Amino acid sequence: MSNFKSGDNPNARRSKNLAILALMLALTIFFCFFPISFGTVTLAFMILPLLIIAQGYDFQMTMILGVLMAVINQLAWYTTKATSLMAPVWQNPLVCMVPRILIGVVSYFVGLGLRKAFLHPKYRLGEDGTKSIVNQKQIYAIDGAISGISTALGVVTNTFFCGMFTVLLYNGKVFTNGTQSTQISLELILTWFGINFLIEIISFSILVPPIIIALRQARLVPPPKTGREIILEELTKETDSI
């Protein structure tokens, strides 16, 4: 059966959504308090679950996880990360929370718009009037590309607003934790975010599409929202008339 004709009833779909949301929230909490580092580079893997939800689910789930992630991240900077040299910067909700929420907003709506514009499923009508999709592989391929683009823009959004708010609010200020000190400057921000940004935009854009495709094929993610449906009989008639 095509994934475009999910047999889930509303209650079953709601249960699946709650289970996925709980799983993604658990991963968010884990990556927030136990970040993954490669040498001196620490990747924000806590945003990965949000990027997946933004591409596979509705705006309500995206906003719920986005807000929860922002709150959890804010709490981390007041608890386990409070001794960090840059903790005073990240304890500001404009730097810590707003960009995190905007990740989901931008990634979701970019994906939605691109899918409406470029995903056009083609169906063949059976003798009994039922529709069967004939370009599902193409749909999955385009859907994967859109997931990658939307994910990349979500990462750009996070980095841009974190950096912008840091420069606007703290440029020139000196922070110290007793043993170390640093002065916030545009050069510091570009260096601070630059390496992480390049690695995150590449790695997350590669990771999210296959995850979304696998979840769709496993029916854990609903079918993508698409643009105009094309019935092949109608397409043939249009071609003949030309």
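Before I turn to the charged pairs, one term: a residue counts as buried under 20% relative accessible area, as exposed over 50%, and as partly exposed in between. Please also keep in mind that what we are looking at is a predicted model.

In this model the count comes to 3 salt bridges, and I would like to begin with the one formed by Lys 131 and Glu 229, whose closest N and O atoms are 2.9 Å apart. Lys 131 lies in strand 4, residues 131–133, while Glu 229 sits in the loop between helix 8 and strand 7, so that the pair, 98 residues apart, links distant parts of the chain. Glu 229 has a relative accessible area of 38%, and because this falls between the two cut-offs it is partly exposed; Lys 131, at 29%, counts as partly exposed for its part.

Let me now move to Asp 143, which is in helix 7, residues 136–170. Asp 143 forms a salt bridge with Arg 115, the closest N and O atoms being 2.5 Å apart, and this pair joins helix 7 to helix 6, where Arg 115 is found, across 28 residues of the chain. Asp 143 also forms a salt bridge with Arg 216, here with 2.7 Å between the closest N and O atoms, and that pair connects helix 7 with helix 8, the two residues being 73 apart.

Which residues, then, are linked in a network of salt bridges? They are Arg 115, Asp 143 and Arg 216. As for their surroundings, Asp 143 is buried because its relative accessible area is 0%, Arg 216 counts as buried at 1%, and Arg 115 is buried too.

Technical notes. Residues are numbered from 1 along each chain as its sequence is written. This is a predicted model: local features need pLDDT of at least 70, side-chain atom pairs count only at pLDDT 80 or more; totals for chains, interfaces and linings use all residues. Side-chain values use heavy atoms; hydrogens and water are left out. A salt bridge is a side-chain nitrogen of Lys or Arg within 4 Å of a carboxyl oxygen of Asp or Glu. Helices (H or I, at least four residues) and strands (E, at least two) are DSSP runs, numbered from the N terminus. Buried means under 20% relative accessible area, exposed over 50%, partly exposed in between (1.4 Å probe, protein chains only).
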